[in-house]
Amino acid sequence: MTSSAGPLSPTPEDLVVTRATPEDWPVVTAWAADEGWNPGLSDSAGFFAQDPEGFFIGRVSGEPVSAISVVNYGDAYAFLGFYLVRPDLRGRGYGITTWKTALAHAGTRTVGLDGVVAQQDNYRRSGFEPAHRTLRFTGTAPAAVPPARVRPVRREDLAAIAVYDAGCTPADRPRFLEYWLTGPGHRAFVREADADGSAGGPANRAVTGYGVVRPGRDAYRIGPLFADTVDDARALFAALTGEAAGADVAIDVPETNAAAVAMVEEAGFAPSFETARMYTGPVREFARERVFGVTTLELG
């Protein structure tokens with residue numbers, strides 16, 4: 001990991017932007033919590049596992065005042081998140097300087113982000129175009145009967161889930177998944193079918209979906225929830241909410257997936273927050289219809 005000791009940007013005036021370390025990041029997640037973003041309690045370790053050099057923090061007189069992450073996935077795609085300036089210091093140019101410094105890390109990659117409503121016009125001016133709205137639905141997790149053909153993920157499932165995940169996202173991300181499926185407090189479930197697509201047989205089962213639920217600051221968060229069919233998604237959603245029965249749970253749903261919206265509304269969840277998924281250019285094709293819940297708004 002690059003040391004955070006040397007400045008990457010000394011402007012404007014007294015702002016110094018450096019690469020951040022995991023030890024720097026709790027203050028940033030606290031800012032995110034204050035914004036109502038409900039960060040997961042152990043998310044940061046998984047984020048740094050993907051690209052430890054993709055995190056940036058701005059300081060004035062040694063005190064953190066701004067932050068951003070630009071995490072690279074392979075040679076073609078990066079994702080921007082945690083774009084924050086301390087509220088009492090906004091309007092001084094700290095944010096845009098931190099932004100420009102961090103974006104250089106992406107190089108020529110297409111960059112994605114999930115932009116809050118108030119910033120979407122600014123993102124358009126920076127070359128980001130909207131792909132779809134994402135709605136955060138929040139509700140009380142219902143108790144559920146354990147669904148058929150859904151079981152907890154085991155470490156030996158990682159390779160198969162990484163292949164499935166690659167079909168549902170714009171980039172491969174095995175390093176991230178290795179943490180995300182097994183991190184502290186994370187509960188991951190996989191839905192299976194026989195290799196020929198039929199249900200029930202004991203062997204040669206193929207992955208037809210998977211999902212993760214984890215504790216957050218204000219509510220449990222589900223993400224991702226990827227599934228071949230609505231039935232697969234419902235079975236996984238039941239298993240995931242069952243892990244938090246009686247507690248508040250949030251899931252970020254692409255508005256373009258009408259079946260996903262219907263599923264969470266039928267569970268009594270209501271929209272509480274919205275963003276727009278935006279990109280600076282083309283991304284590789286993936287099965288958008290399988291995305292019933294995005295992984296995170298911070299890392300895509």
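Among contacts in the protein (heavy atoms within 4.5 Å) between residues at least 6 apart in sequence, 73% join residues at least 24 apart. The structure is a predicted model, in which local features need pLDDT of at least 70 and side-chain atom pairs count only at pLDDT 80 or more, while totals for chains, interfaces and linings use all residues. Residues are numbered from 1 along each chain as its sequence is written, and side-chain values use heavy atoms, with hydrogens and water left out.

The protein has 8 helices and 13 strands, taken as DSSP runs (H or I, at least four residues, for helices; E, at least two, for strands) and numbered from the N terminus. Its radius of gyration, taken over C-alpha atoms, is 19 Å, close to the 19 Å from the globule rule for 300 residues, so the protein is as compact as a globular protein of that length. The rule itself is 2.2 Å times the number of residues to the power 0.38. Along the principal axes, the C-alpha trace spans about 65 × 35 × 35 Å.

Turning to the surface, 54% of the 300 residues count as buried, meaning under 20% relative accessible area with a 1.4 Å probe and protein chains only. The accessible surface (Shrake-Rupley method, 1.4 Å probe) comes to about 12500 Å², and 53% of this belongs to carbon and sulfur atoms.

A helpful place to look more closely is helix H3. This helix is mostly covered, with 7 of its 10 residues buried: Tyr94, Gly95, Thr97, Thr98, Trp99, Thr101 and Ala102. These buried residues pack against several elements, including strand S1 (15-19), strand S3 (63-73), S4 and helix H4 (120-125). Within H3, which covers residues 94-103, Thr97 counts as buried because its relative accessibility is 13%. A polar atom of the Thr97 side chain lies 3.0 Å from the backbone oxygen of Gly93.

Strand S4, one of the elements packed against by the buried residues of H3, spans residues 77-85 and contains Gly81. Gly81 is buried, with a relative accessible area of 6%. Leaving aside residues up to four places away in sequence, Gly81 touches Ile68, Ser69 and Glu298. As for Gly268, this residue is 187 residues from Gly81 in sequence and 29 Å from Gly81 in space, C-alpha to C-alpha.

Key. Buried < 20%, exposed > 50% of the residue type's maximum accessible area, 1.4 Å probe, protein only. Polar contact = N/O pair within 3.5 Å; in protein donor to acceptor, adjacent residues only side chain to side chain.
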